[in-house]
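Please open the model in your viewer and keep the sequence panel visible. The tour below proposes a series of selections and describes what is found at each.

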Amino acid sequence: IEAIREQSPLPSRSVVFCMDDGFYDQGERLGSVFADFHVPATFFVLTDFVDRQDWPWDSKVNYIVNHTDTDRLQLTIEDESIGYMLETDFHKAQTRRRLRDLMKTQPGERIDELLGQLVAASGVDIPKEPPSWERPANWDQLRSLEARGLRIAPHSRSHRILSTLTDEECEQEIRYSTER
């Protein structure tokens with residue numbers, strides 16, 4: 001950070017540690033290790049996730065693909081029907097990646113529409129709360145990590161892909177997350 005601020009070269013063998021989204025186990029497992037060894041790290045948290053208002057859309061994609069009993073998903077995207085194979089663990093991993101990559105290019109409201117299509121095609125309902133292995137950190141945990149020398153920083157409010165949002169939507173995502 002100092003090198004960037006001073007516009008000087010980075011020190012050789014530089015490493016930056018950061019955790020994405022604000023999952024509980026990141027704070028519990030990784031945060032403790034970084035704090036115990038005095039290694040600087042930053043947790044970029046999704047404020048709606050930590051506030052238990054919603055969970056990340058990409059985690060929902062993973063949940064659906066992992067819990068469906070069907071061997072194939074069929075979605076319609078811009079009037080084009082696209083099939084996804086789910087017969088093997090390899091196919092499921094490939095489908096999770098392809099769906100996440102596709103959804104990253106879509107406007108915010110389209111992600112919700114595609115999640116709805118996934119629910120209908122898979123027969124899997126998305127629970128209101130994330131499964132235990134994907135639960136969010138809580139503010140007390142994050143404050144404790146911060147007190148131990150780690151940095152907590154805003155990621156965004158809802159995990160929408162900022163490049164697909166309007167300037168106003170981006171400002172809302174960033175401003176709310178930063179203020180929270």
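Select D54 to begin: in this predicted model, its relative accessibility is 37%, and the residue counts as partly exposed. Add K60 to the selection. The two side chains form a salt bridge, with the closest N and O atoms 2.8 Å apart. Is K60 buried or exposed? K60 counts as buried, at 12% relative accessibility, because the limit for that class is under 20%.

**A bridge from D51 to R180**

Next, select D51 and R180, whose side chains meet in a salt bridge with an N to O distance of 2.8 Å. D51 belongs to the loop between α3 (47-50) and α4 (57-67), while R180 lies in the segment after α8 (167-179), so the pair ties together parts that are 129 residues apart in sequence. D51 is buried, with a relative accessible area of 19%; R180, at 43%, counts as partly exposed.

**A bridge from D36 to R148**

Now move to D36 and R148. Here too the side chains meet in a salt bridge, at 2.3 Å from N to O. Which parts of the chain does this pair link? D36 is in helix α2 (residues 24-36), and R148 is in the loop between α7 (139-147) and β5 (151-156); the two residues are 112 apart, and the pair links distant parts of the chain. D36 is partly exposed at 48% relative accessibility, and R148 is partly exposed as well, at 39%. The salt bridges come to eight in total, among them the one between D36 and R148.

**The largest nonpolar core**

Clear the selection and choose V61, I77, Y84, L99, M103, L115 and L118. These are the residues with the most contacts inside the largest nonpolar core, which has 23 residues. To see where the core is drawn from, colour α4, β3 (72-77), β4 (80-85), α5 (89-104) and α6 (108-122), the elements that give two or more residues to it. Which element provides the largest share? That element is α4, with five residues.

Then centre the view on M103. Apart from its neighbours within four places in sequence, M103 is in contact with W57, V61, I111, L114 and L115.

**A second core**

For the last stop, select F34, F43, V50 and L145. These residues are included in a second, separate core of 13 residues.

Notes: Residues are numbered from 1 along each chain as its sequence is written. This is a predicted model: local features need pLDDT of at least 70, side-chain atom pairs count only at pLDDT 80 or more; totals for chains, interfaces and linings use all residues. Side-chain values use heavy atoms; hydrogens and water are left out. A salt bridge is a side-chain nitrogen of Lys or Arg within 4 Å of a carboxyl oxygen of Asp or Glu. Helices (H or I, at least four residues) and strands (E, at least two) are DSSP runs, numbered from the N terminus. Buried means under 20% relative accessible area, exposed over 50%, partly exposed in between (1.4 Å probe, protein chains only). A nonpolar core is a set of buried Ala, Val, Leu, Ile, Met, Phe, Trp, Tyr and Cys residues joined through side-chain atoms within 4.5 Å. Contact means heavy atoms within 4.5 Å.
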